[in-house]
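Hi there,

Here is the structure I promised to pass on. Have a look at it first, and then read on for my notes.

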Amino acid sequence: MIRVICDIKEKNMFSIWLRAVRGDKMILKVCVGSACHIKGSYDVINIITKIIEDEGLGEDIELKACFCLNNCTEGVSAVIEGEEYLYSFSKEDVEEKFKEIIREKIL
Ligand code: FES
């Protein structure tokens, strides 16, 4: 039996690699729990949805809502399925962060 031990960064890279090899869509989950809802998760989801439509990324990324990610003190929380790092968005910075972080992982 082979046991693989890796840290979060390595696990995230493995997840990106595995997704690319298998041709899977990236699944981005945005929290719609109470705290994130108050901080604007509805707006964040609408902005990300528009970016996905405008840039034709529908084949590469799927957006899903989820409940509390236990990161309520930050902005609107989000996670890429298979990864452990939590992202934090606001309606003011989501477009820039999406292009910087999420889009780079797709392309
Ligand atoms: S409500 Fe979104 S992280 Fe807790």
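A definition before the notes: two residues are in contact if their C-beta atoms, placed from the backbone, lie within 7 Å. Please also keep in mind that this is a predicted model.

**Overall layout**

The protein chain contains 4 helices and 4 strands, and along the sequence they follow the pattern α-β-α-α-β-β-β-α. The chain has 107 residues, of which 22% count as buried. If you take contacts between residues at least 6 apart in sequence, 65% of them join residues at least 24 apart.

**Helix α3**

I spent some time on α3, which covers residues 41–54. Its 14 residues reach 20 Å from the first C-alpha to the last, close to the 20 Å expected at 1.5 Å a residue. Which residues of α3 are buried? They are Ser41, Val44, Ile45, Ile48 and Ile52. These residues sit on the same side of α3, because they cover an arc of only 95° around the axis. Lys50, Glu53 and Asp54, on the other side of α3, are exposed.

What do the buried residues of α3 pack against? Their partners are the strands β1 (26–31), β2 (61–66), β3 (76–80) and β4, together with the helices α2 (34–38) and α4 (94–106). Just after α3 comes Gly56, with a positive phi of about 60°.

**The nonpolar core**

In soluble globular proteins, nonpolar side chains tend to be buried together. In this model the largest nonpolar core has 19 residues. Those touching the most other members are Leu28, Val30, Val44, Ile48, Val76, Ala78 and Phe89. At least two residues of this core come from each of β1, α3, β3, β4 and α4. Val44 and Ile48 thus turn up twice in these notes, among the buried residues of α3 and in the core.

Leu28 is a good place to start browsing. Leaving aside neighbours within four places in sequence, Leu28 is in contact with Ile61, Leu63, Ala78, Ile80 and Ile102.

**Leu86**

One last residue to look at is Leu86, in strand β4 (residues 86–89). Is Leu86 buried or partly exposed? Leu86 counts as partly exposed, because it has 14 C-beta neighbours inside 10 Å, and being buried takes 20 or more. Not counting residues up to four places away in sequence, Leu86 touches Leu69, Asn71, Ser77 and Val79. Its C-alpha atom is separated by 10.0 Å from that of Val30, 56 residues apart along the chain.

Happy browsing, and best wishes!

Methods:
Residues numbered from 1 in each chain as written. Predicted model: local features only at pLDDT ≥ 70, side-chain atom pairs only at ≥ 80, totals over all residues. Buried ≥ 20, exposed ≤ 12 C-beta atoms within 10 Å, placed from the backbone. Expected span 1.5 Å × (residues − 1). Arc of directions from axis to C-beta. Core = buried A, V, L, I, M, F, W, Y, C linked by C-beta atoms within 7 Å.
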